[in-house]
Amino acid sequence: MELFYHPLSRYSQKVLLGLYEKQVNFYPRVTELRDPIQRQTFSKIYPPCKLPLLKCSDGSLLPESTIIIEYLDQHIPGGTRLLPKDSADCLRVRLWDRIIDNDISNQLFLLEQQLSMAPEHRNELAMAQVKQRLLQVLASIDDELANSHWLVGDGFTLADCALVPCLEPAFELLSLLELENLCRYRQQAKIRGAWELVAEEAQLAAAEETSGLKLIP
Ligand SMILES: N[C@@H](CCC(=O)N[C@@H](CS)C(=O)NCC(=O)O)C(=O)O
């Protein structure tokens, strides 16, 4: 299997986390879509040009982080079970995964886009609305975590693969310290072996960009 991804892309981090949890071997194909040549090459493989993308052993291509993780869970018997056997729990995992992608990850992206603009070009009202929405969802996750070790029960699942990559940006952009269960979850996520691997690669990639050792194309 080959994974086309970028270490700083949240949806790529979600899939990397799933791959490490499943303990799967894969060829890493780091793809820098800001580089026009790499973008052009990748768009020939996958015209929508979105990361992550899994090339399966039979050569078929799978986009969409959630679908990739579901595929891994169906085809790889070992490692962490990411979609619970119990159908009610499985539905809750899939529900949280959708909520996190739509109402947290994509909203963080909108906020990050605004913050990348010069202050005079930012839409402060839109930013305040996004922050409020994020706080609402994160508070509901905090409630859920009051009785749950990971997001759905005791086992690490697809829902956690979606949530963990959002934690550091969310804590950086919002005041969340009063959400005690979420703070506890953040600490336990930090020392999860699979996430340590993903975070280490992301830190190296970020350091390369900021140190100028690797130029942003
Ligand atoms: N729903 C998709 C979202 C994928 C996505 O938006 N990926 C971003 C990077 S995180 C991307 O490739 N954007 C295209 C670009 O940067 O041009 C998934 O879950 O995989």
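Start by selecting cysteine 90, which counts as buried because its relative accessibility is 17%, under the 20% cut-off. As you look around, keep in mind that this is a predicted model.

**Stop one: the cysteines**

With cysteine 90 still selected, add cysteine 161, which holds the closest cysteine sulfur to that of cysteine 90. Draw a distance between the two sulfurs and you should find 13 Å, so they are too far apart for a bond. Next, make cysteine 161 your centre and bring up cysteine 166, whose sulfur is the nearest to that of cysteine 161, at 11 Å. Cysteine 161 is in no disulfide either. Is cysteine 161 buried or exposed? Cysteine 161 counts as buried, because its relative accessibility is 0%. How many disulfides does the count come to? The answer is 0, where a disulfide would need two cysteine sulfur atoms within 2.5 Å.

**Stop two: the ligand and its surroundings**

Now select the ligand. The space it takes is the largest pocket. To see what surrounds the ligand, show Ser9, Tyr11, Leu33, Arg39, Cys49, Lys50, Leu51, Pro52, Glu64 and Ser65. Try colouring this shell by residue type: you will get 5 nonpolar, 2 polar and 3 charged residues.

**Stop three: contacts with the ligand**

Zoom in on three of these residues, one at a time.

- Arginine 39: a polar atom of its side chain is 2.5 Å from one of the ligand's oxygen atoms.
- Leucine 51: here the backbone takes part, with an N or O atom 2.8 Å from a nitrogen atom of the ligand.
- Serine 65: look for an N or O atom in the side chain, 2.6 Å from a ligand oxygen atom.

To finish, switch on the surface. On its own, the ligand has 510 Å² of accessible area, and the protein covers 69% of it.

Note on methods: Residues numbered from 1 in each chain as written. Predicted model: local features only at pLDDT ≥ 70, side-chain atom pairs only at ≥ 80, totals over all residues. Heavy atoms only, no water. Near = heavy atom within 4 Å. Polar contact = N/O pair within 3.5 Å; in protein donor to acceptor, adjacent residues only side chain to side chain. Areas by Shrake-Rupley, 256 points an atom, 1.4 Å probe, with all protein chains shown as cover. 1 Å grid on protein atoms, 1.4 Å probe; cavity = no way out; pocket = protein on both sides within 12 Å on 5 of 7 lines; lining within 4 Å. Sits in = over half its atoms within 2 Å of the grid points. Nonpolar A, V, L, I, M, F, W, Y, C, P; charged D, E, K, R; others polar. Buried < 20%, exposed > 50% of the residue type's maximum accessible area, 1.4 Å probe, protein only.
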